Amino acid sequence: MRTLIIEDNRELANLLSERLGARGIDSDIAGGIAEADDHMAVGQFDVIMLDLGLPDGDGIDWLRGLPADRPPVLILSARSTLDDRVTGLDTGADDYLVKPAEVEEIAARLRALIRRPGRRDPVVLTVGEVTFDTTSRQAELAGRPLSIGRKEADFLEILLRNAGKVVPRERIEGALYSAVDPVTPNALEAVASRLRRRFAEAGENDILHTVRGVGYLFGNRGTS
């Protein structure tokens, strides 16, 4: 399960990410609405955990603007009145928890949300002979599994969702490294190198390209 935590308190967000991770729930962190939009543009999430009082807007307004096929949303907020909870649920939230909440309950509610009937089928991204299951995080080339780590899987998903277009490195770094772990010099190049090596080992040497000074491009140069 992959969760987007939208929370401006970085200490709390990191703590939630760490403790949910120990329970098998991977998390990306966004500190506000703009950062959340960046994550939603390049990533696929099973569920969203949303704070309401954010530095660049109100979580309720952001929730109201989400498309109908969005992941389920759990509001986790200090707003505790009955009106607050009713407003959140009526706006479209699938569940509402008041801070502070125990991690065990948060994890249980997240698991319950993805078990609900009517959820979207797992999304499988396909570009040429490359496929990537966004739920299992499994990549394949011509039906053969590729052994890649989490960072490489997240990087590959971003590239597949933007296949044929140059994705700026700043956008990729924002999705891969926000809050959970800092960006170190050449960190993204190392991820790209490992992913490129996995493709080369499987017989594909012309699919992941570095556009110097700009970012990365995914796709065979010889195809249109």
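## Two domains and the salt bridges that join them

Three salt bridges are counted between domain 1 and domain 2, and they offer a good way into this structure, which is a predicted model. According to the domain assignment of the protein, domain 1 covers residues 2-115, while domain 2 covers residues 124-218. One of the salt bridges in the model brings together the side chains of Arg 2 and Asp 154, with a distance of 3.7 Å from N to O. Since Arg 2 belongs to the range of domain 1 and Asp 154 to the range of domain 2, this pair reaches from one domain to the other.

The salt bridge of Arg 2 and Asp 154 also has a wider setting, for Arg 2, Asp 28, Arg 137, Arg 150, Asp 154, Glu 157 and Arg 161 are linked in a network of salt bridges. Besides the salt bridges, three residue pairs in polar contact are counted between domain 1 and domain 2, with both residues of each pair at pLDDT 80 or more. On the side of domain 1 that touches domain 2, helix H1 (10-21), strand S2 (26-30) and helix H2 (33-42) each supply at least two residues. Sorted by class, that side of domain 1 has three nonpolar, six polar and six charged residues.

How much area do the two domains bury between them? The size of an interface is often given as the accessible area lost when the parts come together. For domain 1 and domain 2 this buried area is about 1,200 Å², and 45% of it lies on carbon and sulfur atoms. Within domain 1, the residues that lose the most area to domain 2 are Arg 2, Val 42 and Gln 44, which together make up 46% of what that side buries. In terms of contacts, 15 residues of domain 1 meet 15 residues of domain 2, while the C-alpha centres of the two domains lie 26 Å apart.

A search of the whole structure finds 20 salt bridges, and some of them can be followed within domain 1. The side chains of Asp 51 and Lys 99 form one of these, at 3.4 Å from N to O. Because Asp 51 lies in the loop between strand S3 (47-50) and strand S4 (53-54), and Lys 99 in the loop between strand S7 (95-98) and helix H5 (103-115), the pair ties together parts that are 48 residues apart in sequence. Asp 51 counts as buried, at 6% relative accessibility, whereas Lys 99, at 23%, counts as partly exposed.

Another salt bridge joins Arg 70 and Asp 94, whose closest N and O atoms are 3.1 Å apart. Here too the pair links distant parts of the chain, with Arg 70 in the loop between helix H3 (59-64) and strand S6 (73-77) and Asp 94 in the loop between helix H4 (82-91) and S7, 24 residues apart. A salt bridge can also be found inside one helix: Glu 105 and Arg 109 meet at 2.8 Å, N to O, and because they are four residues apart in helix H5, about one helical turn separates them.

Finally, two details of the backbone deserve attention. Most residues other than glycine have a negative phi, and most peptide bonds are trans. Lys 99, however, is joined to Pro 100 by a cis peptide bond with omega of about -10 degrees, and Pro 100 is placed in the loop between S7 and H5. Ala 142 has a positive phi, near 55 degrees, and is found in the loop between strand S10 (138-141) and strand S11 (144-146), where Ala 142 is partly exposed with a relative accessible area of 37%.

Conventions
Residues numbered from 1 in each chain as written. Predicted model: local features only at pLDDT ≥ 70, side-chain atom pairs only at ≥ 80, totals over all residues. Heavy atoms only, no water. Domains from an automatic or database assignment. Contact = heavy atoms within 4.5 Å. Buried area = accessible area lost by both parts, 1.4 Å probe. Salt bridge = Lys/Arg side-chain N within 4 Å of Asp/Glu carboxyl O. Polar contact = N/O pair within 3.5 Å; in protein donor to acceptor, adjacent residues only side chain to side chain. Nonpolar A, V, L, I, M, F, W, Y, C, P; charged D, E, K, R; others polar. Buried < 20%, exposed > 50% of the residue type's maximum accessible area, 1.4 Å probe, protein only.
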